[in-house]
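Me: I would like a close look at a single part of this model, namely the second largest pocket. Please describe its lining and then the residues around it, in one connected account.

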Amino acid sequence: PHRCPRVWSLVLSYFVTAFPIGQNFALMPLYWKVQWGKNTTIAGLIMSTGEILGLAMLVPLATRSIMQLPVFRPFRKPVNLVASTLFSSAMVLMVVLPDMWVSAFGCVAVHV
């Protein structure tokens, strides 16, 4: 009985994190071509910028000394999943706003 919530949280985290990000990789170049008239090179640059920034954030955040800071205590499981979902949702909203630079920022932030 104790393992069931963990399995469901793993399944839920896939659908609110990995699945939408995978869809973003597939659809973002098409969106940028249709909405902004930019080719796949621009979309790839935006996505890779987000991935690099995400890696740059994860490396220090994964250290034990950082994770044990009191400021990060509220962001342990399952709050981190909720916070990540809310942040990602806000960034997806930014992607579809009618300003190219705001949309670019949202796209980078989704990949972070």
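Reply: In this predicted model, the second largest pocket holds about 170 Å³ of space. Its lining consists of Trp 32, Lys 38, Ile 42, Leu 45, Ile 46, Thr 49, Met 100, Trp 101, Ala 104, Phe 105 and Val 108. Two elements each give two or more residues to that lining, helix H2 (40-61) and helix H5 (100-111). Helix H5 gives the most, with five residues.

Trp 32 is a suitable lining residue with which to begin. Trp 32 belongs to helix H1, which spans residues 3-36. Its relative accessible area is 2%, and Trp 32 is therefore classed as buried, the limit for that class being under 20%. Leaving aside residues up to four places away in sequence, Trp 32 is in contact with Gly 37, Lys 38, Ile 42, Ala 43, Ile 46, Met 100, Ser 103, Ala 104 and Cys 107. Several of these partners also appear in the pocket lining, among them Lys 38, Ile 42, Ile 46, Met 100 and Ala 104. For the pair Trp 32 and Ile 42, the separation is 10 residues along the sequence and 8.1 Å between C-alpha atoms.

On the helix H2 part of the lining, Thr 49 may be considered next. Thr 49 is a residue of helix H2 and lines the pocket. Its relative accessibility is 31%, so Thr 49 counts as partly exposed; this class lies between the limits of 20% and 50%. The C-alpha atom of Thr 49 is 9.5 Å from that of Cys 107, although 58 residues separate the two along the chain. Cys 107 is also one of the contacts of Trp 32.

Another contact of Trp 32 is Ser 103, which lies in helix H5. Ser 103 has a relative accessible area of 0% and is therefore buried. Beyond residues up to four places away in sequence, Ser 103 touches Tyr 31, Trp 32, Trp 36, Met 94, Val 95 and Leu 97.

The contact between Ser 103 and Val 95 leads to helix H4, which covers residues 79-95 and contains Val 95. Val 95 is buried because its relative accessibility, 14%, is under 20%. Its contacts, with residues up to four places away in sequence again excluded, are Tyr 31, Ser 103, Gly 106, Cys 107 and Val 110. Tyr 31 is thus listed for Val 95 as well as for Ser 103, and Cys 107 is listed for Val 95 as well as for Trp 32. Val 95 can also be related to the lining through Phe 105, a lining residue: their C-alpha atoms are 7.6 Å apart, with the two positions 10 residues apart along the chain.

Helix H1 also contributes to the surface of the protein. Leu 30 lies in helix H1 and is exposed because its relative accessible area of 52% is over 50%. Together with Leu 27 and Val 34, Leu 30 makes a nonpolar surface patch of about 310 Å². Helix H1 therefore holds both the exposed Leu 30 and the buried Trp 32.

The chain as a whole provides the setting for these details. The protein chain has five helices and zero strands, in the order α-α-α-α-α from the N terminus. Of its 112 residues, 20% are buried. Among contacts with a separation of 6 or more, 52% involve residues 24 or more positions apart. The accessible surface amounts to about 8200 Å², and carbon and sulfur atoms account for 75% of that area.

Technical notes: Residues numbered from 1 in each chain as written. Predicted model: local features only at pLDDT ≥ 70, side-chain atom pairs only at ≥ 80, totals over all residues. Heavy atoms only, no water. Helix = DSSP H or I, 4+ residues; strand = E, 2+ residues; numbered from the N terminus. Buried < 20%, exposed > 50% of the residue type's maximum accessible area, 1.4 Å probe, protein only. Contact = heavy atoms within 4.5 Å. Areas by Shrake-Rupley, 256 points an atom, 1.4 Å probe, with all protein chains shown as cover. Patch = residues over 30% accessible without salt bridge, like charges linked within 9 Å, V, L, I, M, F, W, Y side chains within 5 Å. Salt bridge = Lys/Arg side-chain N within 4 Å of Asp/Glu carboxyl O. 1 Å grid on protein atoms, 1.4 Å probe; cavity = no way out; pocket = protein on both sides within 12 Å on 5 of 7 lines; lining within 4 Å. Points joined across faces, edges and corners; volume = space filled by probe spheres on them.
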